[in-house]
Amino acid sequence: MDDRQSMPHPGSEPGMTPALWNIEQFRENVFRYAEELTDDPDNPVPKERVILQLDRDPEFQTILQKWHKLCGAEKVRDWKRVLALAETHAREILPSCLMCGECCRHGSPTLHVEDLELLRQGKIPWGALYTLRRGEPVHSPFKDELVFLVDERIKLREKPGGRQCLFFDGDTQECTIYADRPLQCRAQACWDPKPGEELTAQPYLTRKDIFGEVDVLWDLLEEHDRRCAFEKLTAAFKALEETRGEAVDQVLDLLAYEDHFRNFVAEKLNIPRSQLELVFGRSFADLVQVFGFRVDVGPDGTRVLVPDAPSEEAKEE
């Protein structure tokens with residue numbers, strides 16, 4: 001084996017050479033190189049996107065199928081060709097969705113008025129939604145910063161403990177409602193952020209669009225927003241900080257009132273528990289995490305406010 005074959009190559013571990021790779025090592029190093037290509041902060045294209053495009057390249061498939069038959073020098077030659085193909089696909093992104101799942105892994109979509117028909121037709125269940133109310137903090141989908149909502153949003157839920165959309169299948173890397181996906185999903189393009197940014201000019205779906213004609217419920221929702229606005233929770237935690245913990249009862253009373261309000265109305269109007277976060281938004285008991293706390297409930301139902309580990313201040317908008 002000559003010196004060129006023993007030299008490390010891009011995408012491979014030091015000391016390794018393509019001449020000695022089996023098919024599994026070949027694929028592993030392809031993935032590693034794709035990751036290196038997409039580590040550049042100026043390149044917004046996700047690794048999965050590059051890998052999918054490369055995997056569908058006829059020349060790459062030809063190399064892949066014959067790899068186990070190649071001699072060492074031929075493997076080195078074809079590996080260099082694969083590097084060039086990967087670099088081409090990292091630069092020349094196909095302007096179409098390849099269902100790589102990248103958008104779905106980093107947050108669920110916010111709904112627009114146009115999506116209401118999907119809900120009415122049962123394409124998306126009501127229990128899969130939740131409301132972000134006016135004034136709540138969220139992470140901007142376009143900038144790495146925290147912003148406070150000037151008006152409310154309705155979103156699809158995310159999987160517990162992460163940011164993956166509820167309808168993303170991690171095993172198949174596919175959207176389980178792809179044919180009936182919301183407008184934001186249709187506009188998103190991992191290769192071009194402009195369509196998603198332009199969509200923000202379109203009217204967002206709100207609870208007024210859904211419940212506004214149900215007078216009894218809508219009156220109660222407006223009352224809930226007045227009495228249990230996020231600003232009230234913020235003020236209570238500010239008082240807690242200023243009094244060095246002495247105002248804890250103010251926070252706990254607000255949590256108890258908000259919890260009683262939503263549960264009382266839900267019982268009287270037969271609102272399913274799965275839809276409470278859509279009807280009333282996130283509970284104060286969940287939102288205390290924004291301020292670095294959590295609520296523990298004792299066997300007797302007593303609430304205790306406990307400092308919690310730092311967490312993400314809010315869900316992605």
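Here a student and a tutor talk through how some labels are given to parts of this predicted model.

Student: Let's start with the whole chain. How many helices and strands are there?

Tutor: The chain has 15 helices and 8 strands. Of its 317 residues, 43% are buried.

Student: What makes a residue count as buried, say cysteine 228?

Tutor: Compare its value with the cut-off. Buried means under 20% relative accessible area, and cysteine 228 has 0%, so cysteine 228 is buried.

Student: And why is cysteine 103 called partly exposed?

Tutor: Its relative accessible area is 29%. The class in between runs from the 20% limit for buried to the 50% limit for exposed, so cysteine 103 is partly exposed.

Student: How many disulfides are there?

Tutor: The count is 0. A disulfide needs a pair of cysteine sulfur atoms within 2.5 Å, so a count of 0 means that no pair meets that rule.

Student: Now for the helices. Why is H4 called roughly antiparallel to H5?

Tutor: Look at the angle. The axes of H4 (residues 58-66) and H5 (residues 72-91) cross at roughly 150 degrees and come within 10 Å. Angles over 145 degrees count as roughly antiparallel, so H4 is roughly antiparallel to H5. The crossing of H4 past H5 is left-handed.

Student: Which residues meet there?

Tutor: From H4 come Glu59, Phe60, Ile63 and Lys66, and from H5 come Arg77, Asp78, Arg81, Val82 and Leu85. By class, this contact has 4 nonpolar, no polar and 5 charged residues.

Student: What makes the phi of glutamine 173 worth a look?

Tutor: Most residues other than glycine have a negative phi. Glutamine 173 is not a glycine, yet its phi is positive, at about 60 degrees. You can find glutamine 173 in the loop between strand E5 (168-169) and strand E6 (174-175). With 29% relative accessibility, which falls between 20% and 50%, glutamine 173 counts as partly exposed.

Student: What is the phi of arginine 244?

Tutor: Arginine 244 has a positive phi of about 55 degrees, although it is not a glycine. Its place is the loop between helix H12 (230-242) and helix H13 (248-269).

Student: How do you know whether arginine 244 is buried or exposed?

Tutor: Set the value against the limit once again. Exposed means over 50%, and arginine 244 has a relative accessible area of 81%, so arginine 244 is exposed.

Methods:
Residues numbered from 1 in each chain as written. Predicted model: local features only at pLDDT ≥ 70, side-chain atom pairs only at ≥ 80, totals over all residues. Heavy atoms only, no water. Buried < 20%, exposed > 50% of the residue type's maximum accessible area, 1.4 Å probe, protein only. Axes fitted to C-alpha atoms, helices over the stretch in contact; angles between N-to-C directions. Helix = DSSP H or I, 4+ residues; strand = E, 2+ residues; numbered from the N terminus. Parallel < 35°, antiparallel > 145°, perpendicular 65-115°, else oblique. Left-handed = near helix turned anticlockwise from the far one by under 90°. Contact = heavy atoms within 4.5 Å. Nonpolar A, V, L, I, M, F, W, Y, C, P; charged D, E, K, R; others polar.
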